[in-house]
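Morning, everyone. I have one structure to go through today. Let me put it on the screen.

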Amino acid sequence: MSHDPAAAPSSLYLGRTISLLTKHEKQRVIAPVLETSLSCEVNTVSAFDTDQLGTFTREIAREGTQLEVARKKARIGMRIAGLPLGLGSEGSFGPDPMLGLIPWNVEFVLFLDDELGLEIVGVAQGKSNFAALLISHPDELQDFKDRVGFPTHQLIVRPDSEDDTRILKGISTESELAEALQWAFSLSLAGRVHVETDLRAHTNPTRMAVIKSAAEDLATKLATPCPACSTPGYTVTTRSGGLRCADCGGPTDEPCQEIHTCAKCAFTETIDLSKGKMADPGKCKRCNP
Ligand SMILES: [Zn+2]
Ligand SMILES: [Zn+2]
C-alpha cells in the first residue's frame, strides 16, 4: 500500500505499520500515542541491542549526537522489519539549560518516512532524577533513595568508582539492593560503593513520561499538514519573544512571532502572535524586575 500525501492528515498513515526499535520497552508509551493519533500500527523491533549505540553507564560511549543516534535507531529498526516507515528514540541527561542546577532530560522521538523522504522529530524535556553517590556504609543511602524515588525508580551499584566495569543494574527492591551492596562492598578495595540512578526507560518512570511527551509532540506534528503540499510535519521552527508589556509598553520575553516551516517543501509562514495581545506586567523585567 503506498500513500498519497494529499490525503487527509489523519488518514495518511491509516493502517500502515511503523517500526520502533527499542530494547527498553519504549513502545509502552510511544505506540499508544501514535496508534491513537494516526490509526497506524507500531511494530516493536527488539532484535538489536541498542546499548551497542551507547549506554548512560559509560561502558559504551555514544557515537554521534542525540539526533544522529535516534536516526540510526530508526534506520536499524526499518531494516530489520523491512519497512519504509520507522521510529527511533534517544535521550540525553545533563544540568537544566536555564540555571544549570536541576538534573535535566531531553528526549527525541524521530520518525522516518522513506516514501515521502521525510524526517520529523518529536521533542520533550523535563526534570530528571539523575543522581549518584559514593558511600562507605549502606546507611548513607537513606536520603538518596527517597530523593530519587526508589524503588519505583531503579538503581545501579558498583564497587569503588563510577567507572568500575563490575556493575549491577535494574535494582528494584530493598532486598536486591541489600544483596547488591553486600556484593559491591565485598569487591571494593577502598571500602566504597558507587550508587546511581538507572536511566534506562523501563527502569525510570520519570524518563518514560518525558518520552511519552516527545511522542505526543511527534503525533501533533504528524497530524499537521503543510498548507502548500499537504505533507505532514508542518510545524513551528522558530518562536521569538518581544510581546509588548500591558503596563509600560516595553518588549518582554513573551512570544510575539512564530515561524512555521514545512518538513518537505520550501513553504513557510510567519504568524504574528501580538495582534490585540499584550504581555502580563508580571512577566516584564521593567515592571517586575
Ligand atoms: Zn512593563
Ligand atoms: Zn510543504
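I will take the domains, then one interface, then the metal sites. Keep in mind that this is a predicted model.

Domains to begin with. The assignment gives three of them. Domain 1 comes in two segments, 9-129 and 203-223. Domain 2 covers 132-198. Domain 3 covers 237-283.

Now the interface between domain 1 and domain 2. How far apart are the C-alpha centres of domain 1 and domain 2? The answer is 29 Å. Eight residues from domain 1 take part in the contact, and 15 residues from domain 2. Together the two domains bury about 970 Å². Of that area, 40% is on carbon and sulfur atoms.

Which three residues supply the most of what domain 1 buries against domain 2? They are R58, N129 and T203. Their share is 57%, more than any other three residues supply.

What about the chemistry across that interface? Start with charge. The count is three salt bridges between domain 1 and domain 2. Here is a salt bridge to look at: K169 pairs with E59, and their closest N and O atoms are 3.1 Å apart. Next, polar contacts. There are 10 residue pairs in polar contact across the interface of domain 1 and domain 2, both residues at pLDDT 80 or more. On the side of domain 1 that touches domain 2, the residues split into one nonpolar, five polar and two charged.

On to the metals. Take the zinc ion, ligand 1. Its protein donors are the SG atoms of C245, C248, C284 and C287. They lie 2.2 to 2.4 Å from the zinc ion. The angles among the four donor atoms run from 105 to 114 degrees, and the site is tetrahedral. Along the chain, the donor spacing is C-x2-C-x35-C-x2-C.

Now the zinc ion that is ligand 2. Here the SG atoms come from C226, C229, C262 and C265, at 2.3 to 2.4 Å. Tetrahedral or irregular? Tetrahedral, with angles of 103 to 115 degrees. The spacing for ligand 2 reads C-x2-C-x32-C-x2-C.

That is my tour. Thanks for listening.

Technical notes:
Residues numbered from 1 in each chain as written. Chains lettered and ligands numbered in written order. Predicted model: local features only at pLDDT ≥ 70, side-chain atom pairs only at ≥ 80, totals over all residues. Heavy atoms only, no water. Domains from an automatic or database assignment. Contact = heavy atoms within 4.5 Å. Buried area = accessible area lost by both parts, 1.4 Å probe. Salt bridge = Lys/Arg side-chain N within 4 Å of Asp/Glu carboxyl O. Polar contact = N/O pair within 3.5 Å; in protein donor to acceptor, adjacent residues only side chain to side chain. Nonpolar A, V, L, I, M, F, W, Y, C, P; charged D, E, K, R; others polar. Donors = N, O, S within 2.8 Å, 3.2 Å for Na, K, Ca; no water. Tetrahedral: all angles 85-135°; square planar, octahedral: opposite > 155°, others 65-115°.
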